[in-house]
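Let's walk through this structure together, beginning with a detail among the side chains and ending with the chain as a whole. Keep the 3D view open as you read.

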Amino acid sequence: AVRGALPRRGVSSGRSVRLGRRIRIENKLALGDRVYVLDGADLTGPITIGADSFVNRGAYIRPQTTIGERVAIGPFVRLITDSHEIGPASQRAGASKTHQIQIGDGVWIGAGVTVIGPVTVGPGAVVASGALVIKDVPSNTLVAGVPARHVRDLD
């Protein structure tokens, strides 16, 4: 049962899911119970978002992204899984390629973060606002900066 937006083809959802306005959904989207996605998100699946997760306004999430349970994603976060091979001089953006992004349970991703796959953010991690994540983030750690670096371990 989706509240706030009309259910779309290719969207499967658990109970009490809420979708804001002006959300663009393309391809398959699987939402767990009590997922809340705010206005202006751009979601290109396949994407899975686990139960009790929150996606703030203006999120941009690309294919092959898996988001765990109880995850909080800040406004204007970009989870980018697609890119190109480097092509010849006549066209440097060569063949397309897609890499997975996996966000573990309980993760908090701050405002304006960019994650470029392939990346795994371990359970319980925090990614500080504005960070650029280009490599795996260990569980229960805080990372920040451009590129994101370990700041401290979390209990």
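In this predicted model, the structure contains one aromatic pair. Its two members are Y36 and F54, which meet edge-to-face, with 5.7 Å from centre to centre and 65° between the planes. An angle over 60 degrees is what earns the edge-to-face label. If you trace the backbone on either side, you will find Y36 in strand β6 (residues 36-37) and F54 in strand β9 (residues 54-55), so the pair ties together parts that are 18 residues apart in sequence.

How covered are these two rings? Y36 has a relative accessible area of 27%, which makes it partly exposed. F54 falls in the partly exposed class too, at 26% relative accessibility. Both values sit in the range from 20% to 50% that separates buried from exposed. While you are looking at Y36, turn to its face: R18 lies over it, at 3.8 Å from the ring centre.

Now step back to the secondary structure. The chain has 23 strands and zero helices. Six strands make up an open sheet with parallel pairing, and its order reads β4-β7-β10-β13-β18-β21. At the edges stand β4 (24-26) and β21 (132-133); each has a single partner strand, so one side of each is left without a neighbour in the sheet.

For a look inside this sheet, try the step from β7 to β10. Strand β7 (residues 42-44) and strand β10 (residues 60-61) run parallel and are joined by two bridges. You can pick out one partnership by name here, as D42 has Y60 in β10 as its bridge partner.

Finally, let's consider the chain as a whole. What radius of gyration would a compact globule of 155 residues have, and what does the chain show? The globule would come out near 15 Å, and the chain has 16 Å, so the two agree. Along the principal axes, the C-alpha atoms fill a box of roughly 45 × 45 × 20 Å.

The contacts and the surface complete the picture. Among contacts in the chain with a separation of 6 or more, 15% are between residues 24 or more positions apart. As for burial, 43% of the 155 residues count as buried. The chain exposes about 8,100 Å², and carbon and sulfur atoms supply 53% of that area.

Definitions and conventions: Residues numbered from 1 in each chain as written. Predicted model: local features only at pLDDT ≥ 70, side-chain atom pairs only at ≥ 80, totals over all residues. Heavy atoms only, no water. Phe/Tyr/Trp six-rings, centres within 6.5 Å; stacked < 30°, edge-to-face > 60°. Helix = DSSP H or I, 4+ residues; strand = E, 2+ residues; numbered from the N terminus. Buried < 20%, exposed > 50% of the residue type's maximum accessible area, 1.4 Å probe, protein only. Lys NZ or Arg CZ within 6 Å of the ring centre and 35° of its normal. Pairing = 2+ DSSP bridges. Rg over C-alpha atoms; globule rule 2.2 N^0.38 Å. Contact = heavy atoms within 4.5 Å. Areas by Shrake-Rupley, 256 points an atom, 1.4 Å probe, with all protein chains shown as cover.
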